[in-house]
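Here are a few exercises on charged pairs and cysteines, each with a worked solution. Have the model open beside you as you go.

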Amino acid sequence: MNRLVSFRSKSRISTISCSSSFYARILGNSIDASRTRSPANASDSLATLSRCSSLVPARTLTGSSLFGFRNRSTASWSNLTGHEGSQDFARRFCSDAAAERESMEYDVVIVGAGPAGLSAAIRLKQLCGEKGVDLSVCVVEKGAEVGAHIISGNVFEPRALDELLPEWKKEEAPISVSVSSDKFWFLTKDRAFSLPSPFDNKNNYVISLSQLVRWMGSKAEEYGVEIYPGFAASEILCDDNGSVIGIGTNDMGVAKNGSKKENFQRGVALKGRVTLFAEGCRGSLSEKIIKKYHLREKRNAQHQTYALGIKEVWEIDESKHQPGAVIHTLGWPLDQKTYGGSFLYHMSERQVAIGLVVALNYKNPYLSPYEEFQKLKHHPAIKPILEDGTVIQYGARTLNEGGIQSVPYPVFPGGAIIGCSAGFLNVPKIKGTHTAMKSGMLAAEAAFGTLLEGSNLDSYWTTLQNSWVWEELHKAHNYRPAFDHGFIPGMAISAVEHYLFRGKSPFTLKHGKPDHEATNVARSHSPIEYPKPDGVLSFDVPTSLHRSNTNHDHDQPAHLKLRDPEIPTQLNLPEYDGPESRYCPARVYEYVPEESGQLKLQINAQNCLHCKACDIKDPKQNIEWTVPEGGGGPGYSVM
């Protein structure tokens, strides 16, 4: 039987015809012989390739071709999982098994090629090398390439990377601009007041996380990890006992009306003895896992709270550029009842990253995080930095702010949740990459022990609690909920936490209402009149959206689903004045008039930045974010 193969060549290759949905999608167009790669997984169940007469190239993180061939026999699926080898499995929780599809089998399947997922993959392969064994590891990524969906206003703490890849400096990681200054401002409308900086960014770096993740992807490949960008994990696969046995990718070539187009390809089942979910904040499958297995209740965790971060990268005049300069702000343009702040980081090559983070428990339904960000850039302390500059890229993403008290129990039958899917952001530090990476490394070690040493995946939870991640998050546990009481009480409590208790307070504050419940009805507030964009510092949404490189096939089913299509017109519009049209930073949701003159919600799913704000902030949790066809969404390169 033909199997997925991996080799490199300098020659270009032509597309090889194959009816397999999986391999038809992963055809590449060039191969680089300068990079080596160990053989890939070859399971006897790879019916996918049985109809192919030639080796089929798989697309890598860079769009080049990659082939994998693991010339070794593997145990049957029933031997690997301890269950009978029936191909019937639950495609969704509480659903009947559906028609079979092509499948691939791995020892470990990882969903999401972000910092946590790639750290887990690399650590697994490192352990294989140390112990002289071979585990097959697959990473599936919905972005068109690794890094395409990664966005972060990032001052990077290299602690986890030092542990994972200690030679990263010699190996040309895209980390070169060390923090040179660290300022903290309180903004009023016209002034910036300098405050003592609560951050300790010595030995940290200003980076583009999308570039770092792309580099990590190449390192993972060198270790022998299979990476499949452009494939969206849409279903959780379970055995008859309810244990997770992998994921299913979504079908390709489905028209908006649900019919199959000529290029229709059935999704693929990627089965793993262990499945790790590293989807990032508010991961769609991770949320289902948390609810299905009651993981939050298992450790009596509080609900998660979120913020929306909006970011641009500018290229500015060289005379204004100060590589490594870091500025954080509180205050204007947000009111004192809305938690949030801004950042401005001087990167390399005359680039600066500027962004605004707005907590999604804001009360005023007329508030628009996007418009607040446009106002920010006109502040007298910020405007001179950006003037005469050019915007390179725009994007947005939600982030977890619940802290240690909102982290669910991360282990479930068949796998674990890692990274921001679980919520390891350190809010007062405004950093989560290093903690996400470390969680992935710890989960990898637990998975390795489970597969080869007879231990249990629950060891991930034990080692996590005994790690520096838990210690760090515990010290930060009261900062975010303190601001639920308002700006001044929040600052006061934070000062007590920082200077008096030094992170060792004997009490734990609770979060207020979940973000979607925090929104007040429209009659409690007055509409906010935002200034029109000037096209120089501030821009309309279509202009910004173009800079995000967002692209979706228009003729596909909307991945943003309304649980009840009547709620927008019967509740959201009359009670909250249609907040969807304001909290979304990509104008996905618009109320447009029908022939009768009544307004109706229109969903422009092709605009979606995959930020997940709608999944979080909708007042009645009526919007469900599901994955679109793989390869769609933003195309970040410097975010």
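A salt bridge here is a side-chain nitrogen of Lys or Arg within 4 Å of a carboxyl oxygen of Asp or Glu. Keep in mind that this is a predicted model.

**Exercise 1.** Decide whether Lys377 and Glu312 form a salt bridge, then work out where the two partners sit and whether they are buried or exposed.

*Solution.* Start with the distance: N to O is 3.0 Å between the side chains of Lys377 and Glu312. The cut-off is 4 Å, so the pair counts as a salt bridge. Next, place the partners. Lys377 lies in the loop between α8 (369-376) and α9 (383-386), while Glu312 belongs to strand β16 (residues 306-315). They are 65 residues apart, and the pair thus links distant parts of the chain. Finally, check accessibility, where buried means under 20%. Lys377 has a relative accessibility of 0% and is buried; Glu312, with a relative accessible area of 0%, is buried as well.

**Exercise 2.** Find the salt-bridge partner of Glu372 and describe how the two residues are placed in their helix.

*Solution.* The partner is Lys375, with the closest N and O atoms 3.8 Å apart. Both residues lie in helix α8. Their spacing is three residues, about one turn of the helix. As for accessibility, Glu372 comes out at 4%, which makes this residue buried.

**Exercise 3.** Asp484 and Arg480 form a salt bridge: which partner is buried and which is partly exposed?

*Solution.* Begin with the contact itself, in which the closest N and O atoms are 3.3 Å apart. Then take each side in turn. Arg480 has 3% relative accessibility and is buried. Asp484 has a relative accessible area of 27%, so Asp484 is partly exposed.

**Exercise 4.** Count the salt bridges in the whole structure, and name the residues that Arg123 is linked with in a network.

*Solution.* The search of the whole structure gives 22 salt bridges. As for the network, Arg123 is linked there with Glu130 and Glu445.

**Exercise 5.** How many disulfides does the structure hold, and why are Cys281 and Cys608 not in one?

*Solution.* The count is zero for the whole structure. To see why, recall that the two sulfur atoms must be within 2.5 Å. For Cys281, the closest cysteine sulfur is in Cys420 at 6.8 Å, too far for a bond. For Cys608, the closest one is in Cys614 at 6.2 Å, again too far. To finish, look at accessibility: Cys281 is buried at 4%, and Cys608 is buried at 6%.

Methods: Residues are numbered from 1 along each chain as its sequence is written. This is a predicted model: local features need pLDDT of at least 70, side-chain atom pairs count only at pLDDT 80 or more; totals for chains, interfaces and linings use all residues. Side-chain values use heavy atoms; hydrogens and water are left out. Buried means under 20% relative accessible area, exposed over 50%, partly exposed in between (1.4 Å probe, protein chains only). Helices (H or I, at least four residues) and strands (E, at least two) are DSSP runs, numbered from the N terminus.
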